[in-house]
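User: Could you take a close look at one part of this model with me? I would like a connected walk through a single region and what surrounds it.

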Amino acid sequence: MNIKYAAISRKGKRFVNEDSFRISDSTDEGRWMGIVCDGLGGHAMGEVASDLVANVITDYWEKHPDREKEAMVKEACTLSSGELDKKSNELHHCEMGTTMVMVSIVDDIATIAHVGDSRCYLIRPEYDEDGSGNPYKILYKTQNHVHLDFGWEVLSRCFISYEGEKAVPEIFHQEVKAGDRLLLCSDGVYKSISQNMLIDCLLCDKTPTEIIDMIQALCEENGDDNYTAIFAVIQ
């Protein structure tokens, strides 16, 4: 398995970047993992929460290479929720939280998990040999864990201090093959770029770094939030 990837995380027009991401590349062992976390607005220390959850889940994934995929994700999320409570206690019971989206690829199986409204797109180019047909298929797109409450968007699932019952991941498994394209991103990306334009970027015949540069330019022009993205191509 070979995976080419690039990533970006910027504060955009905000004063602080509350997003975090991690990539763990063990493709020589048939394993690769990426995660994006977005600290919750309206709460203190979102950057602390996102950094903590990204670190705990990545560390758990690296230390348990033989753990069954779905069990690993659930256990890592439970551990992260507990560590978030401990950190909140250290910070005088500060209430803080974060979203999370991750993908673990082991051999040719991608396990995608998310909590909140950070997002994953898994796309497969599908041109026929003569260049006709549908240019792509969306194999999977996470659905935001959001509901409206008096006109405000409220997360029904997230990591937040002392509310571990909300940190329940939605998990999806998909076999991947050469050519598949994967994007993990915070809402600062997909709220700045229309889905059609975003997918056009992901399908471009360019390197992952060039595609990430395109995403950065669009977020800088159109966005007003932190933005973080990991883009990967299966080869």
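In which loop is Lys 206 found?

Analyst: Happy to. Please keep in mind that this is a predicted model. Lys 206 sits in the loop that runs between α4 (195–202) and α5 (208–222). Its relative accessible area is 42%, so Lys 206 counts as partly exposed, falling between the 20% limit for buried and the 50% limit for exposed. Setting aside residues up to four places away in sequence, Lys 206 touches Ile 211 and Met 214.

Those two partners lead straight to the packing of the helices on either side of the loop. The axes of α4 and α5 come within 9 Å and cross at roughly 155 degrees. That angle is over 145 degrees, and α4 and α5 are therefore roughly antiparallel to each other. On the α4 side, the contact is made by Met 197, Leu 198, Cys 201 and Leu 202, while α5 brings Ile 211, Met 214, Ile 215 and Leu 218. Sorted by class, this contact has eight nonpolar residues, with no polar and no charged ones. Ile 211 and Met 214, the residues that Lys 206 touches, are thus both part of the α5 side of this contact.

Now for α4 itself. Its buried residues are Leu 198, Ile 199, Cys 201 and Leu 202. Looking down the axis of α4, these buried residues fall within an arc of 155 degrees, so they line one face of the helix. A general point about helix geometry helps here: an α-helix has 3.6 residues a turn, so residues three or four places apart point the same way. The cover over the buried residues of α4 includes α5, along with α3 (187–190) and the strands β7 (119–125), β8 (136–141), β13 (181–185) and β14 (227–234).

Strand β14 is worth a stop, and Ala 229 is a good residue to look at there, as it lies in that strand. With a relative accessible area of 0%, Ala 229 is buried. Not counting residues up to four places away in sequence, Ala 229 touches Ala 6, Ala 7, Ile 8, Leu 183, Leu 184, Cys 185, Val 189 and Ile 212. One of these pairs spans much of the numbering: Ala 229 and Ala 7 are 222 residues apart along the chain, yet their C-alpha atoms are separated by 5.5 Å.

To place this region in the wider model, it helps to turn to the nonpolar cores. In the largest one, which has 24 residues, Ile 35, Val 53, Ile 57, Met 72, Met 100, Met 102 and Phe 159 touch the most other members. Two or more residues come from each of β3 (31–38), α1 (46–63), α2 (69–90), β5 (100–106) and β6 (109–115). The largest share of this core, eight residues, is supplied by α1. Apart from this core lies another of 22 residues, and among its members are Ile 8, Cys 185, Cys 201 and Ile 211.

That second core ties the pieces together. Cys 201 and Ile 211 belong to it, and both take part in the contact of α4 with α5. Ile 8 and Cys 185 are members as well, and both are touched by Ala 229. Coming back to where you started, Ile 211 is also one of the residues that Lys 206 touches.

Technical notes:
Residues numbered from 1 in each chain as written. Predicted model: local features only at pLDDT ≥ 70, side-chain atom pairs only at ≥ 80, totals over all residues. Heavy atoms only, no water. Helix = DSSP H or I, 4+ residues; strand = E, 2+ residues; numbered from the N terminus. Buried < 20%, exposed > 50% of the residue type's maximum accessible area, 1.4 Å probe, protein only. Contact = heavy atoms within 4.5 Å. Core = buried A, V, L, I, M, F, W, Y, C linked by side-chain atoms within 4.5 Å. Arc of directions from axis to C-beta. Axes fitted to C-alpha atoms, helices over the stretch in contact; angles between N-to-C directions. Parallel < 35°, antiparallel > 145°, perpendicular 65-115°, else oblique. Nonpolar A, V, L, I, M, F, W, Y, C, P; charged D, E, K, R; others polar.
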